[in-house]
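The following exercises concern the structure shown below. Each task is followed by a solution in steps.

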Amino acid sequence: MSTTARRLELGRVGETTRRVDAIPKVTGEFAYASDLFAAGMLWGHTVRSPHAHARIVEIDISQALAMAGVHGVLTHTDVPGAKTYGLEFADQPVLAIDRVRYFGEPVALVAAEHPEQARRAAERIQVEYEPLEPVVDPERATEQEPLHEENPTAGHGFRDDQRPNVLRSIAIRHGDPDAEGEVSVSGVYELGMQDQAFLGPESGLAVPDGEGGVDIYVATQWLHVDRDQVAPCLGLEKEQVRIHLSGVGGAFGGREDLSMQVHGALLALHTSRPVKMVYSREESFVGHVHRHPAKIWMEHRATKAGRLVNVRAQILLDGGAYASSSAAVTSNAACFAVGPYSVDNALIECTCVYSNNPPCGAMRGFGAVQSCFAHEAQMDKLATALGIDPVELRLLNALAPGDTLPTGQKVSGSFPAAEVIRRAAELPVPEAEELPRDPIRLPGGAGNTTHGQGVKRGVGFAVGFKNVCYSEGFDDACAARVRLWKGADDELVGEVHCAGAEVGQGVTNVILQVARTELGTENVALAPGSTADVESSGSASASRLTWMAAGAVRLACRDALAEFEAGRSAVDVQRTYHHPRTAPLDPETGQVKGDRVHVAYMCAAMRVVVEVDVELGLTRVVWIGTAQDVGKALNPQAVHGQIEGGTAQGLGLALMEEIQTRDGLITNASFTDYLIPTTLDMPPVEAELIEEEEPDAPYGVKGVGEPPTVVSTAAVVSALRDATGSELARVPVRPDELAGL
Amino acid sequence: MQLLRPESVEAAAAALGNGSVALAGGTDLVPMLRDRLVSAETLVELKEVVPRGVEGTRIGAGTTLAELEVDPEIPAALREACALAASPQLRSMGTIGGNLLQATRCWYWRLDFPCFLHGGSRCHAREGAHREHAIFGNERCASAHPSDPAAALLALGARVRTSRRELGLEELYRLPTEDDRNVTALEPGELILELDVPRPEASVYLKAMDRARWAFPLVGVAAARFADGVRLALAGVAPIPWRLDSETDLDRATPLPGTAYKVELARPLIRRALHSVT
Ligand SMILES: Cc1cc2nc3c(=O)[nH]c(=O)nc-3n(C[C@H](O)[C@H](O)[C@H](O)COP(=O)(O)OP(=O)(O)OC[C@H]3O[C@@H](n4cnc5c(N)ncnc54)[C@H](O)[C@@H]3O)c2cc1C
Ligand code: SF4
């Protein structure tokens with residue numbers, strides 16, 4: 001085989017390369033975390049609270065302990081180290097102590113020979129609860145008893161807000177917040193709680209090392225932050241806890257927080273046996289955080305000519321029982337509240353409250369999804385009020401380099417918002433397909449409900465943007481380690497270590513493409529991700545990992561190659577890449593205290609065609625066209641994959657996905673009752689990649705995972721409004737909202 | 001827990017009751033056992049005793065939905081209702097007998113709230129979220145019957161042969177009352193053996209759901225035309241499959257605030273179903 005042929009096969013930066021995990025995943029050979037196995041392993045099970053809010057009076061484990069096959073039953077008293085943990089604030093008990101604050105909160109653990117024995121023993125653990133009034137209405141939460149006596153998030157440079165149950169509140173004051181326009185439109189918008197709905201439930205295996213430490217193999221998004229939370233709870237040094245990445249079946253933010261990590265390790269250390277834990281589907285719904293439900297009031301003031309004068313917003317997010325990453329989501333929802341538009345004046349207030357609802361945290365789009373749904377509904381409303389074409393209105397106000405964001409940050413680097421809008425608007429909308437057609441291509445789908453009766457067509461448009469990488473002064477650096485040596489025939493061989501989690505987004509390919517490009521060889525392998533042999537990569541979130549891992553791997557490869565070329569026969573180099581520094585926001589004004597609050601931005605615009613059977617309220621999304629600002633597509637096929645997947649997730653929120661709760665209890669914790677779109681609900685997506693390189697990033701990349709999710713919910717509902725003439729201020733929009741219009 | 005495999009209807013009937021439960025495909029029963037909604041010492045497998053297959057107008061209760069959906073002998077409404085129920089995997093396990101007797105999907109019931117249908121005094125759905133719930137017969141229990149095939153069979157005027165008697169499908173179902181919370185008239189130990197399904201001149205099943213496929217019906221409408229007129233039956237509108245004489249019967253619906261849309265949805269759906277069989 002010639003070298004060029006091999007090059008084509010394996011691929012460098014910018015070339016489409018087939019995902020290394022693609023075939024194993026579709027053939028069923030890929031080992032997910034739930035496939036883990038160790039000789040002599042026990043099965044762990046979590047006893048969870050059936051109450052959303054209750055005091056724990058007593059826990060009696062004696063019966064469970066005496067059962068056959070049971071090797072250990074643990075409660076909070078068995079947690080040797082820190083009793084609480086958390087991504088940003090350690091406010092969440094490893095095991096509930098004297099109070100449970102959400103439905104499904106872990107209370108006790110069981111390890112047994114067989115999973116069924118563990119489940120049965122769990123049923124015999126007697127927990128006496130004294131139910132307490134749950135805080136379930138976020139609008140009333142600030143007047144109710146505080147759920148955390150000492151507000152865990154107070155201080156930390158956040159605005160001083162003394163109201164009970166405020167997790168974080170932020171106000172961004174920009175220009176003159178009282179500035180008047182000639183026209184004003186306003187509305188109240190709501191979004192339900194969305195689940196990440198990844199297919200691989202939380203799972204992992206903890207193996208005691210025989211010297212007091214533990215190895216944890218787990219499906220996660222950020223190995224090192226797991227370790228940094230797990231070790232203190234176990235009362236161990238960081239080095240004694242090694243986290244290894246196992247096969248991840250989707251993440252979307254839902255694996256940023258810990259699930260079974262500490263629990264499995266506690267059981268393993270207690271029993272001196274490997275312990276495996278796999279959540280059931282129902283358990284998974286309480287095993288991870290969700291997308292924040294939101295209620296958003298917005299007012300847009302503009303000139304008659306359509307220039308935005310002032311945007312005012314009040315955003316309320318329900319954070320649920322524990323902080324998770326809610327503080328950052330709060331800031332994001334506020335920072336992106338206006339959308340990628342230039343406006344001289346704004347007053348944006350965003351509050352996230354604690355409640356006894358399921359905890360919310362990171363999910364693809366991270367606060368920007370909620371804001372985009374509101375600001376794009378507003379832009380459509382404004383266009384109607386002014387009689388201006390909605391695309392024109394957006395172009396007229398499109399934010400560009402040199403403009404100032406409401407946070408005071410000047411837009412620098414790549415920001416092709418106008419180009420993205422133009423290119424999406426130029427995509428030709430397909431003609432309506434002739435009737436009669438197969439019902440599967442009509443609203444109502446397989447249900448055969450129409451042959452065209454009642455069907456109206458609508459076209460919608462939306463634009464959104466979001467930050468890439470972490471913000472507000474956080475240095476989410478990424479390390480990579482490269483070993484080089486001479487292999488057979490004196491050929492250069494490389495081994496890359498990077499803890500960046502492959503969660504299905506394709507970072508493995510990116511890392512290998514970068515290494516092949518930089519080292520100029522095909523002989524490169526990526527070692528399994530582990531805290532044991534490389535420093536932190538930061539999280540597989542905030543659309544950041546391609547940028548950060550490419551930066552780190554490129555740096556390490558270049559330095560390793562230099563050493564190698566200087567004559568060393570074996571090289572082992574570790575380098576850490578940092579993105580440009582960001583600065584926090586002033587807690588009172590929401591103005592950035594330095595150059596930039598966010599590293600860089602990604603924009604997307606989307607045009608959607610729907611058909612709605614307005615009599616029955618059934619919908620069909622016919623076509624989606626999008627243009628997305630991607631910086632540089634390192635693996636174009638994977639970028640298209642991210643755009644399609646991200647769009648499907650936003651379409652799900654637009655049309656069907658919502659976690660239902662009653663008094664804080666999740667009532668639809670299954671894929672029978674929590675519906676997600678299937679392939680039949682997803683139309684083809686035509687995507688234009690806008691490659692305007694980001695000057696501060698390796699190869700000019702940006703992120704690509706989140707913008708399609710940010711914009712698609714808004715775009716789909718915009719099309720539904722066009723078809724129906726209804727305001728549709730709440731998502732998901734289901735048939736009950738549309739029937740009989 | 002033990003599994004019995006009786007070889008005669010009599011043996012099966014004798015084994016039932018007293019902590020034992022009949023098992024067909026298990027697609028509804030097994031999840032309920034797991035969730036402790038049903039407790040059973042003994043499972044009585046029906047495979048050997050309940051007929052399977054189609055003969056003329058008779059359908060064995062042990063026939064799977066997957067077998068029915070492709071059988072050209074079966075009236076269109078039933079075939080379509082079977083094809084639209086659940087997912088291919090579930091349909092190749094799930095039987096028509098089990099489908100008719102599947103438990104409500106009301107999530108309060110599935111989460112074991114002590115509601116009316118579980119023997120309690122209130123209907124939690126009436127007071128709480130209930131968009132999937134009923135518009136007819138919903139005074140005490142507002143659940144919506146989830147079976148697509150049941151609506152089709154009701155429109156087709158199917159008769160049921162059990163281990164003890166023969167009855168019309170409408171007599172199989174009953175609204176729960178203060179004294180008896182069952183939604184079927186089957187007696188303990190009584191098995192459904194066969195269905196007899198008259199051949200209509202034309203029939204159809206239309207199903208409105210929350211996504212393009214693989215969802216329970218919000219409203220399903222079955223229409224079957226016979227020499228003496230058209231029979232209509234609906235899924236998803238009452239605690240049991242529900243017969244209507246005509247669209248105007250919808251005026252007598254008693255929707256809850258969150259189910260009023262089902263009335264709006266059912267109207268055009270009935271019109272369209274009638275249109276397609278006449
Ligand atoms: C995720 C999911 C989605 C679904 N979606 C739909 C849908 O959209 N539409 C729809 O119509 N259905 C739907 N179903 C229901 C499905 O069709 C039924 O679960 C299935 O048909 C039941 O048949 P089975 O043989 O598995 O019954 P089993 O689970 O074995 O039994 C169900 C009940 O019937 C009793 N039983 C079974 N056979 C007999 C008999 N011959 N005599 C007396 N008692 C008997 C059992 O004791 C048990 O109480 C869905 C189910 C699931 C799990
Ligand atoms: S609808 Fe029926 S099953 Fe549901 S809560 Fe009410 S009584 Fe119970």
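**Exercise 1: The surroundings of ligand 2**

Task: Identify which of the 14 residues around ligand 2 come nearest.

Solution. Among the 14 residues of the shell, the nearest are B:Cys106, B:Trp109, B:Cys115, B:Cys123 and B:Cys141; a residue is near a molecule if its C-beta atom, placed from the backbone, lies within 6 Å of it. Two elements of chain B, α7 (107–110) and α8 (124–127), give two or more residues each to this shell. Helices (H or I, at least four residues) and strands (E, at least two) are DSSP runs, numbered from the N terminus. Sorted by class, the shell holds ten nonpolar, four polar and no charged residues. Here Ala, Val, Leu, Ile, Met, Phe, Trp, Tyr, Cys and Pro count as nonpolar, Asp, Glu, Lys and Arg as charged, and the others, Gly among them, as polar.

The model is predicted: local features need pLDDT of at least 70, side-chain atom pairs count only at pLDDT 80 or more, and totals for chains, interfaces and linings use all residues. Residues are numbered from 1 along each chain as its sequence is written, while chains are lettered from A and ligands numbered from 1 in the order in which they are written.

**Exercise 2: A helix with a buried face**

Task: Determine which residues of helix α10 (residues 390–397) of chain A are buried.

Solution. The buried residues of α10(A) are A:Pro390, A:Leu393, A:Arg394 and A:Asn397; buried means that 20 or more other C-beta atoms lie within 10 Å of the residue's own, with C-beta atoms placed from the backbone. Viewed down the axis of α10(A), these buried residues fall within an arc of 95 degrees, so they line one face of the helix. The arc is that of the directions from the helix axis to the C-beta atoms. Their cover includes β16 (308–320), α9 (368–386), α11 (417–426) and β18 (455–468) of chain A.

**Exercise 3: An open sheet**

Task: Give the strand order of the open sheet of three strands in chain A.

Solution. The order is β6-β2-β8, with antiparallel pairing; two strands pair if DSSP finds at least two bridges between them. At the edges stand β6 (99–100) and β8 (126–131) of chain A, each with a single partner strand, so one side of each is left without a neighbour in the sheet. Strand β2 (residues 54–60) of chain A pairs with β6(A) over two bridges in the antiparallel sense. Opposite A:Ala54 stands A:Val100 in β6(A).

Conventions: A residue is buried if 20 or more other C-beta atoms lie within 10 Å of its own, exposed if 12 or fewer, and partly exposed in between; C-beta atoms are placed from the backbone. Two residues are in contact if their C-beta atoms, placed from the backbone, lie within 7 Å.
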